[in-house]
Amino acid sequence: MNCLVTGAAGFIGSNFIDFLSKCSVNITAIDGLLETTYPKSIKLKRWNILKYTYPEISFVDFDLRNNLEALLQINKFDFIFNFAALPGLQLSWDKFELYNNCNVLAVNNLCKAIVTSSINTKLIHMSTSSVYGKNATGSEDDNLEPFSPYGVTKLAAENLISAFASNYNLKFKIIRLFSVYGPRQRSDMALQIFCRSFIENKPIIVYGDGSQSRSPTFVKDCSEGIYRIAINSIDNEIYNLSGNETLTTLDAIGILEELFKKRVEIIFKPTRAGDQIMTRGNCAKLLKAVNYAPDTTFYSGIQQQINWNKSAEFMQTHREDNTQFFTR
């Protein structure tokens, strides 16, 4: 089985490479290595580590905003796992054109390349709970009312994929991810900022009153769920993929205080535009389709993220960039 993984140097993409490397498949990994919500140098170092760790994988520097038909004509892939995207809610208010190019134009290029070059390829596309809007608490059939430009672009990508499916028989599966965390989490994400605050004895900034809730999904559970959906579920469906706990921001900080055995100062600031109030992933459809639901507890998963923050890999990829955790 031949697989293409886009966005392979990113947080979730690189973890999926780790998972897929154990599945007896042929892998091609691509990434545009863009400067996005965190320094490009981190992504580039991780990319080089992946190349060293997996010499059997073909690694290609490629920006999906360019035409990739030639790549797909050379390599006939059974699955394309699309992790490539520009993430982050806040930056999307100021850089909408960039988000549109990375999250919509790139998906258009990907779909066009598949239908013109690899008609048997299945697209496994990563979407987000942000398409639901302020509250993401229901099933895949709930109303979609994105609350940020980021969510708007991710929903547009979903609709574009569906249009290609209707007109050109594209086979796809869309996976809406909920608050993924774990080793290699991006430095701009809340839990990673919180972990570094504890390690460096710096205050934590909480936007809002801390009652906002999330369904954190451990990244290794996420990888297994994505693979099971790709292999075992029917085509042209959408699935939520979420952890089985719901925690408020203050709940998460309390668990970190327990694990670090210390307290930190919390500074409360006004809620930011586009921030979701509640996400609680409903994975009933996923469980029925592939008999899988992520089960790593937040306590266990965040401990693994803490351990990674203290690891040689973290120091190798982030040594020169630690100061940037608190300059955004």
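I began with Leu4, which I found standing opposite Thr28 in strand 2. I keep in mind throughout that this is a predicted model.

From that pair I turned to the strands around it, and noted that strand 1 (residues 2–6) and strand 2 (residues 26–31) pair in the parallel sense over five bridges. I then traced the sheet, which is open, has seven strands with parallel pairing, and follows the order 3-2-1-4-5-7-12. I looked up its edges next: strand 3 (58–61) and strand 12 (237–241) each have a single partner strand, so one side of each is left without a neighbour in the sheet. For the twist I recorded an average of 20° from one strand to the next.

I went on to helix 1 (residues 11–20), which lies across strand 1, strand 2, strand 4 (79–82) and strand 7 (171–177), and which runs at about 160° to strand 1.

My last entry concerns a helix pair. Helix 5 (residues 96–117) packs with helix 6 (residues 149–168) at an angle of about 15°, their axes lying 9 Å apart. Since angles under 35 degrees count as roughly parallel, helix 5 and helix 6 are therefore roughly parallel to each other. I noted the crossing of these two helices as right-handed. Listing the contact, I found that helix 5 contributes residues including Phe96, Tyr99, Val104, Val107 and Cys111, while among those of helix 6 are Pro149, Tyr150, Leu160, Ile161 and Phe164. By class, I wrote down 14 nonpolar, four polar and two charged residues for the contact of helix 5 with helix 6.

Notes:
Residues are numbered from 1 along each chain as its sequence is written. This is a predicted model: local features need pLDDT of at least 70, side-chain atom pairs count only at pLDDT 80 or more; totals for chains, interfaces and linings use all residues. Side-chain values use heavy atoms; hydrogens and water are left out. Axes are lines fitted to C-alpha atoms, for helices over the stretch in contact, and angles run from 0 to 180 degrees between N-to-C directions. Helices (H or I, at least four residues) and strands (E, at least two) are DSSP runs, numbered from the N terminus. Angles under 35 degrees count as roughly parallel, over 145 as roughly antiparallel, 65 to 115 as roughly perpendicular and the rest as oblique. A crossing is left-handed if the near helix is turned anticlockwise from the far one by less than a right angle, and right-handed if clockwise. Contact means heavy atoms within 4.5 Å. Ala, Val, Leu, Ile, Met, Phe, Trp, Tyr, Cys and Pro count as nonpolar, Asp, Glu, Lys and Arg as charged, and the others, Gly among them, as polar. Two strands pair if DSSP finds at least two bridges between them.
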